[in-house]
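Work through the exercises below with the structure open beside you. Try each task before you read its solution.

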Amino acid sequence: MQSAPNIVRTYLGVPIARPNVAFFELSSCEGCQLQIVNNESTLLDFLSLVNVVAFREAMTEKADNYDIAFVEGSVTRSDEIERLAAIRKNAKVLVAFGSCACFGGVNQLKNRFSDPAWVKQQVYGDHPIETNDAARPIRDFVTVDLMIYGCPVKKEEVEKIVTNLVIGKSVVHPKYPVCMECKANENTCLFDLGEPCLGPITRGGCDSWCPNNRFGCWGCRGPAEDANVEQMKAIMKERGFSEETMLDRLECFGGFAQHADALRKIVLR
Ligand code: SF4
Ligand code: SF4
Ligand code: SF4
């Protein structure tokens with residue numbers, strides 16, 4: 001165990017403790033962790049705020065004396081439930097890191113198939129893994145203190161959130177939808193270019209990452225506060241997009257699971 005917390009000073013000379021942080025992955029593509037490693041321009045600043053004690057993707061050393069645990073990925077196997085419980089026991093703050101951890105993410109797409117054995121056969125063929133259950137968000141198993149949304153997470157947002165955690169400032173997620181940021185970025189609306197977009201109902205904070213690159217939002221950050229999904233459906237219909245198109249987007253990351261389940265019943269009837 002570390003004997004005393006490291007201290008850093010803000011530019012005004014105020015001392016703040018550097019927390020020990022650890023990164024873990026369950027069932028995931030590790031793309032969210034990669035966002036941190038890839039962030040070369042600001043990586044040193046980020047590292048000056050925290051002590052990284054475990055991060056399999058980036059270092060060999062590992063320790064379990066962490067204050068903040070970032071958990072990426074969804075739970076799809078029984079051994080992950082045990083691992084997650086152990087992480088929860090050690091961490092003062094447990095962060096669901098990315099859409100897989102927050103909502104099940106793209107992994108939960110397999111949950112929509114009624115025959116899990118068929119899915120297993122399609123994916124693993126003659127080399128099935130021992131257990132492969134439905135993909136579920138980590139909050140189904142442990143208490144989650146904070147969610148960081150996105151597939152992948154946005155590195156600038158992660159740095160802002162970690163800074164707030166370190167200096168003891170509350171973390172407030174945007175309540176407004178992606179459209180707000182898209183308009184501020186002066187993008188041409190994708191609907192006007194004949195493409196669908198879930199920006200009106202999806203939580204902002206990604207700085208309209210996809211529409212900035214002429215790609216409609218798929219809702220990876222889950223619903224904005226008071227998201228009007230019925231109105232979104234009406235807009236999609238009015239613009240000539242099918243219910244299947246709407247369903248594809250709603251069910252992609254798991255954040256709109258409730259709405260996707262309701263729409264699926266209509267589409268499949
Ligand atoms: S949220 Fe997306 S980028 Fe992050 S681990 Fe899951 S699939 Fe990968
Ligand atoms: S492109 Fe999407 S996010 Fe941007 S204004 Fe249009 S609907 Fe909103
Ligand atoms: S625009 Fe939508 S899909 Fe793209 S990163 Fe933002 S929330 Fe996710």
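Helix axes are lines fitted to C-alpha atoms over the stretch in contact, and angles run from 0 to 180 degrees between N-to-C directions. Keep in mind that this is a predicted model.

**Exercise 1. Two helix pairs**

Task: Find how H2 lies against H6, then how H9 lies against H10.

Solution:
- Step 1. Locate helix H2 at residues 40–49 and helix H6 at residues 155–167.
- Step 2. Take the distance and the angle: the two axes come within 10 Å and cross at roughly 20°.
- Step 3. Apply the cut-off: angles under 35 degrees count as roughly parallel. H2 and H6 are therefore roughly parallel to each other.
- Step 4. Add the hand: H2 passes H6 in a left-handed crossing.
- Step 5. Turn to helix H9 (residues 229–238) and helix H10 (residues 243–250), whose axes come within 9 Å and cross at roughly 135°. That makes H9 oblique to H10.
- Step 6. Add the hand here too: the crossing of H9 past H10 is right-handed.

**Exercise 2. The surroundings of ligand 1**

Task: Which residues are around ligand 1, and which helices supply at least two of them each?

Solution:
- Step 1. List the residues around ligand 1: Ser28, Cys29, Glu30, Gly31, Cys32, Glu72, Ser99, Cys100, Val106, Gly150, Cys151 and Pro152.
- Step 2. Assign the helices: helix H1 (31–37) and helix H4 (99–103) each give at least two residues to this shell.
- Step 3. Sort by class: 6 are nonpolar, 4 polar and 2 charged.
- Step 4. Look at the backbone of two shell members, Cys151 and Pro152. The peptide bond from Cys151 to Pro152 is cis, with omega near 0°. Pro152 sits in the loop between strand S7 (146–148) and H6.

**Exercise 3. The surroundings of ligands 2 and 3**

Task: Name the helix that gives the most to the shell around ligand 2, and do the same for ligand 3.

Solution:
- Step 1. Around ligand 2 are Cys179, Cys182, Lys183, Cys189, Leu190, Phe191, Cys197, Gly199, Pro200 and Pro211.
- Step 2. Helix H7 (residues 178–184) gives the most to this shell, with 3 residues.
- Step 3. The classes are 8 nonpolar, 1 polar and 1 charged.
- Step 4. Around ligand 3 are Val178, Thr202, Cys206, Trp209, Cys210, Pro211, Cys217, Trp218, Gly219, Cys220 and Arg221.
- Step 5. Helix H8 (residues 209–212) gives the most here, with 3 residues.
- Step 6. The classes around ligand 3 are 8 nonpolar, 2 polar and 1 charged.
- Step 7. Compare the two lists: Pro211 appears in both.

**Exercise 4. A positive phi**

Task: Where does Asp207 lie, and what is its phi?

Solution:
- Step 1. Find Asp207 in the loop between H7 and H8.
- Step 2. Read the angle: phi is positive, about 60°, although Asp207 is not a glycine.

**Exercise 5. The largest pocket**

Task: Describe the largest pocket by its volume and its lining.

Solution:
- Step 1. Start with the volume, which is about 270 Å³.
- Step 2. Count the lining: 17 residues, with Phe24, Ala54, Arg56, Lys62 and Arg83 nearest the centre of the pocket.
- Step 3. Trace the elements: strand S3 (20–25), strand S4 (51–55) and helix H3 (78–90) each supply at least two lining residues.
- Step 4. Pick the main contributor: H3 has the largest share, 4 residues.
- Step 5. Sort the lining by class: 9 nonpolar, 2 polar and 6 charged residues.

Conventions
Residues numbered from 1 in each chain as written. Chains lettered and ligands numbered in written order. Predicted model: local features only at pLDDT ≥ 70, side-chain atom pairs only at ≥ 80, totals over all residues. Heavy atoms only, no water. 1 Å grid on protein atoms, 1.4 Å probe; cavity = no way out; pocket = protein on both sides within 12 Å on 5 of 7 lines; lining within 4 Å. Points joined across faces, edges and corners; volume = space filled by probe spheres on them. Nonpolar A, V, L, I, M, F, W, Y, C, P; charged D, E, K, R; others polar. Near = heavy atom within 4 Å. Parallel < 35°, antiparallel > 145°, perpendicular 65-115°, else oblique. Left-handed = near helix turned anticlockwise from the far one by under 90°.
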